[in-house]
Amino acid sequence: MRPSMLRSVYSAVSRSSSKLVRRGYATEPVPERKVAILGAAGGIGQPLSLLMKLNPLVSSLSLYDIGGTPGVAADVSHINSRSEVAGYQGEEELGKALEGADVVIIPAGVPRKPGMTRDDLFNINAGIVKSLCTAIAKYCPHALVNMISNPVNSTVPIAAEVFKKAGTYDEKRLFGVTTLDVVRAKTFYAGKANVPVAEVNVPVVGGHAGVTILPLFSQATPKANLSDDYIKALTKRTQEGGTEVVEAKAGKGSATLSMAYAGAIFADACLKGLNGVPDVVECSYVQSNIIADLPFFASKVRIGKNGVEEILGLGPLSDFEQQGLENLKSELKSSIEKGIKFASQ
Ligand SMILES: NC(=O)c1ccc[n+]([C@@H]2O[C@H](COP(=O)([O-])OP(=O)(O)OC[C@H]3O[C@@H](n4cnc5c(N)ncnc54)[C@H](O)[C@@H]3O)[C@@H](O)[C@H]2O)c1
Ligand SMILES: O=C(O)C[C@H](O)C(=O)O
């Protein structure tokens, strides 16, 4: 989704007490949709709660965390937009938070500090994701799950295993959120190519950590004749965008505001897909068979009423991108295996 989404979200605020939204000439009812955010009191969770409160496709916003959610919920609930807001805290309230959810967004878990890799978060976040997904399987097994918690390359396979064990796994409904990589690639490309950022499109494939993040600048539009050195530098900056923010925050966490924006874009795409809007395409890390031996892979996916409707191919790659694809395979494979092994214990 493009920045125009946020413009439409903001303009919708003024008419958001109505459950009718104009589509073309007809005024049609917008379906009731419950969105749950797990980790809603955190650095990402709070601005994401705000952005989802502004989204007119949401009728019920459920904010869950181990603590702090009554305050966040009271705060955003005063905004005069469509959704009802409820805050839940502590494990005993998790079921109520999840019941009936159409989309569950998970930014729960610890963020990086300078010097850490995303994989260094595994020991804490794997357990958090496992327990939250166990509850999702119980209380809202048909929800579309948007996994933000790192390391995404492993937390998505963990979620898949938990759902398999519970007998609820539907690979079409599980998404690793890699939208921030796309947001960064667009921003950095627009700066170098000197084109309007709002018009830029760049697919980002692979995974969500270091070299596994593979932006396909050869497919970027509007086209620009950037030198190989520029493409290399843009690729590196996109791969290290998270680290750039972690270092700038100097121990106070990782990307939160840009991530909330990216998470809101991706959740909006899921809601549109569920509502039957045609041609909703975003990059996401999903169960995939487009690359041998990598059962999870990020690429462009079409999102529809049942979740992933189609996994789009990678398209033609430059030699540099082909090499990047080879380089990411071993790290991505071991992160996937690590997640699967953890969840099967
Ligand atoms: N996918 C991405 O592109 C991306 C981008 C940025 C950050 N992240 C990841 O998102 C996660 C959250 O980052 P943050 O900056 O918001 O961290 P944060 O510490 O500010 O917030 C995390 C929140 O999770 C809550 N939490 C912890 N355990 C929980 C549980 N069992 N149930 C519910 N909530 C729980 C905490 O109470 C806290 O409020 C980190 O793992 C980070 O690495 C991912
Ligand atoms: O870099 C991080 O640790 C957070 C996130 O994955 C990001 O890309 O900003």
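**Entry 1: the loop at Pro151**

I started with Pro151, which lies in the loop between strand 7 and helix 6. The model is predicted, and I read every value below as computed from that model. I checked omega for the bond that leads into this proline: the peptide bond from Asn150 to Pro151 is cis, with omega near -5°. Asn150 also turns up beside both ligands, as it is listed among the residues around ligand 2 and is one of those that come nearest to ligand 1.

**Entry 2: other backbone points**

I looked for another cis peptide bond and noted the one from Thr221 to Pro222, where omega is near -10°. Pro222 sits in the loop between strand 10 (213-215) and helix 8 (228-239). I then turned to phi. Asn194 has a positive value, near 55°, and is a residue other than glycine. I placed Asn194 in the loop that runs between helix 7 (179-193) and strand 9 (204-206).

**Entry 3: ligand 2**

Which residues are around ligand 2? I listed Arg112, Arg118, Asn150, Leu180, Arg184, His208, Gly242, Ser254 and Ala255. I went through three of the side chains for distances to oxygen atoms of the ligand. For Arg112, a polar side-chain atom is 2.6 Å from an oxygen atom of ligand 2. For Arg184, the corresponding entry is 2.7 Å, again from a polar side-chain atom to an oxygen atom of ligand 2. For Asn150, an N or O atom in the side chain is 2.8 Å from an oxygen atom of ligand 2.

**Entry 4: ligand 1**

I counted 28 residues around ligand 1, of which Gly43, Ile44, Asp65, Val110 and Asn150 come nearest. Two backbone entries went into my notes. A backbone N or O atom of Val110 lies 2.9 Å from an oxygen atom of ligand 1, and a backbone N or O atom of Gly42 lies 3.2 Å from an oxygen atom of ligand 1. I also recorded a side chain: His208 has an N or O atom 3.1 Å from an oxygen atom of ligand 1. His208 is also on the list for ligand 2.

**Entry 5: two domains and their contact**

I took the chain as divided into domain 1 (34-177) and domain 2 (178-344). Their C-alpha centres lie 21 Å apart. The contact takes 44 residues from domain 1 and 51 residues from domain 2. Between them the domains bury about 3,900 Å², with 67% of it on carbon and sulfur atoms. On the domain 1 side, I found that Arg118, Asn153 and Val177 lose the most area to domain 2, together 17% of what that side buries. Arg118 is also one of the residues around ligand 2.

I next counted polar contacts between the domains and got 15 residue pairs, both residues at pLDDT 80 or more. Which elements give two or more residues to the side of domain 1 that touches domain 2? They are helix 2 (45-53), strand 6 (103-106), helix 5 (122-139), strand 7 (144-147), helix 6 (152-166) and strand 8 (174-176). Helix 6 supplies the largest share, nine residues. By class, I sorted that side into 25 nonpolar, eight polar and 11 charged residues.

**Entry 6: salt bridges**

How many salt bridges does a search of the whole structure find? I noted 12. Across the interface of domain 1 and domain 2 the rule finds one. I looked up Lys338 and Asp119, which form a salt bridge with their closest N and O atoms 2.9 Å apart. Side chains of opposite charge can pair when their charged atoms come close.

I also opened the pair Glu32 and Arg82, whose side chains meet in a salt bridge at 3.6 Å, N to O. This pair links distant parts of the chain, 50 residues apart. Glu32 is in the loop between strand 2 (26-29) and strand 3 (34-38), and Arg82 is in the loop between helix 3 (69-77) and strand 5 (84-89).

Terms used: Residues are numbered from 1 along each chain as its sequence is written. Chains are lettered from A and ligands numbered from 1 in the order in which they are written. This is a predicted model: local features need pLDDT of at least 70, side-chain atom pairs count only at pLDDT 80 or more; totals for chains, interfaces and linings use all residues. Side-chain values use heavy atoms; hydrogens and water are left out. Domain bounds come from an automatic or database domain assignment. Contact means heavy atoms within 4.5 Å. Buried area is the accessible area (1.4 Å probe) that two parts lose on being put together, summed over both. A salt bridge is a side-chain nitrogen of Lys or Arg within 4 Å of a carboxyl oxygen of Asp or Glu. A polar contact is a pair of N or O atoms within 3.5 Å; within protein, one must be able to donate a hydrogen and the other to accept it, and residues adjacent in sequence count only if both atoms are side-chain atoms. Helices (H or I, at least four residues) and strands (E, at least two) are DSSP runs, numbered from the N terminus. Ala, Val, Leu, Ile, Met, Phe, Trp, Tyr, Cys and Pro count as nonpolar, Asp, Glu, Lys and Arg as charged, and the others, Gly among them, as polar. A residue is near a molecule or strand if one of its heavy atoms lies within 4 Å of it.
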